[in-house]
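This report describes helix packing and selected residues in one protein chain. Please keep the sequence and the model in view while reading.

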Amino acid sequence: MKSLLVALQFLTPIPVKLKSVDPKDMARSMRYFPLIGLAIGLLMVLVKSLSFGPLDFSATVTATLVLLTLTALSGGLHLDGLSDMCDGFYAGRSREEIVKVMRDPHIGVMGVIGIVFILLLKWSVLSSLPLAMPHYSNIALIMVPFLSRWAMVIMAFANPYAPVASEGTARPFVDNLTRKDVIISTAITLAATLVLSFISGNFTWFFLVIIPIIVMMAMTIICKRILGGITGDILGAVNEITEVAVLFGAYIIYLGR
């Protein structure tokens, strides 16, 4: 229960009061990252159902409200990581300069561009999903946040914390994450995907599990070359990129129905 509360505290703006949390507790909480994502997805479905149903809002307004829900429930944490990564990777010349730029509280032009484009991509796909077809749209909305949270877990396990970054918020997670934590997180992810595929009657959904792995592999290659490892900002960026990629995957499933 403590690990679940730590995950809730880290991934959402919901105030959770814990007396003491050690690094192992923080790493162990990653087991339950997909569960937090699953809860976020269910809340997105609730917002969509109320907006597109009783309130009779248009698809574009509904998509905006769903996107607002997704962003608000993460507290903008992952968008901040994406913007820091865009600024750092663009402006930095050495690894030390990249980290310095990423830790600068001020946002740069590339960071703004990164946030704008990632939100536009999400909104365009959300507004294009068949909201009137729950067996498509509801499944997509649920899978996006829990697969993206799982992506952070496998990214943290596959990579060391960047040596040049020294200390950081995500370091206790990355340094203390165990194989058991990843196995439990993966089991939760696969089980939830299988259940959702069964409910929808379309097991093509199960192939979306491949997307976080592809994102993780691509980002691993990039980050090892540029930084020699990862930081908390990188994990946030992985979450955002995976959300967009899974949304596109869901849209492709709809087009190929």
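Which residues does S83 touch, not counting residues up to four places away in sequence? In this predicted model, S83 touches I107, G111 and I115. S83 is located in helix α5 and is buried, at a relative accessible area of 3%, because that value falls under the 20% cut-off.

**Packing of α5 with α7**

S83 also takes part in a contact between two helices, α5 and α7. Helix α5 covers residues 77-91 and helix α7 covers residues 109-128; their axes lie 7 Å apart and form an angle of about 135°. The two helices are therefore oblique to each other, and their crossing is right-handed. On the α5 side, the contact is made by L79, L82, S83, C86, D87 and Y90, while α7 contributes V109, M110, G111, G114, I115, I118 and L119. Sorted by class, these residues are nine nonpolar, three polar and one charged.

**Packing of α3 with α8**

A second helix pair is formed by α3 and α8, the latter comprising residues 134-158. Here the angle is about 150° and the axes are 8 Å apart. Because angles over 145 degrees count as roughly antiparallel, α3 is placed in that class relative to α8. The crossing of α3 and α8 is right-handed. From α3, the residues in contact are F33, P34, G37, L38, I40, G41, L42, M44, V45 and K48. They meet P134, S137, N138, L141, I142, P145, F146, R149, W150, M152 and V153 of α8. This contact of α3 with α8 consists of 15 nonpolar, four polar and two charged residues.

**Two residues of α11**

Helix α11 spans residues 210-226 and includes T220; I211 is found in α11 as well. The table lists a C-alpha separation for each of these residues.

| Residue | Partner | Separation along the chain | C-alpha distance |
|---|---|---|---|
| T220 | A158 | 62 residues | 7.7 Å |
| I211 | A151 | 60 residues | 8.8 Å |

T220 is buried, with a relative accessible area of 11%. Leaving aside residues up to four places away in sequence, T220 touches M155 and N159. I211 is buried too, its relative accessible area being 16%. With the same exclusion of residues up to four places away, I211 touches A245, V246 and G249.

**Helix α12**

Helix α12 runs from residue 232 to residue 255 and has 24 residues. From its first C-alpha to its last, α12 reaches 35 Å, close to the 34 Å expected at 1.5 Å a residue. Of the 24 residues in α12, 17 are buried, so this helix is largely enclosed by the rest of the structure.

**Backbone at D56**

Which sign does phi take at D56? The angle is positive, at about 60°, although D56 is not a glycine. Most residues other than glycine have a negative phi. D56 sits in the loop between α3, residues 33-52, and α4, residues 59-72. Is D56 buried or exposed? D56 is exposed, with a relative accessible area of 63%.

Key. Residues are numbered from 1 along each chain as its sequence is written. This is a predicted model: local features need pLDDT of at least 70, side-chain atom pairs count only at pLDDT 80 or more; totals for chains, interfaces and linings use all residues. Side-chain values use heavy atoms; hydrogens and water are left out. Axes are lines fitted to C-alpha atoms, for helices over the stretch in contact, and angles run from 0 to 180 degrees between N-to-C directions. Helices (H or I, at least four residues) and strands (E, at least two) are DSSP runs, numbered from the N terminus. Angles under 35 degrees count as roughly parallel, over 145 as roughly antiparallel, 65 to 115 as roughly perpendicular and the rest as oblique. A crossing is left-handed if the near helix is turned anticlockwise from the far one by less than a right angle, and right-handed if clockwise. Contact means heavy atoms within 4.5 Å. Ala, Val, Leu, Ile, Met, Phe, Trp, Tyr, Cys and Pro count as nonpolar, Asp, Glu, Lys and Arg as charged, and the others, Gly among them, as polar. Buried means under 20% relative accessible area, exposed over 50%, partly exposed in between (1.4 Å probe, protein chains only). The expected span of a helix is 1.5 Å times one less than its number of residues.
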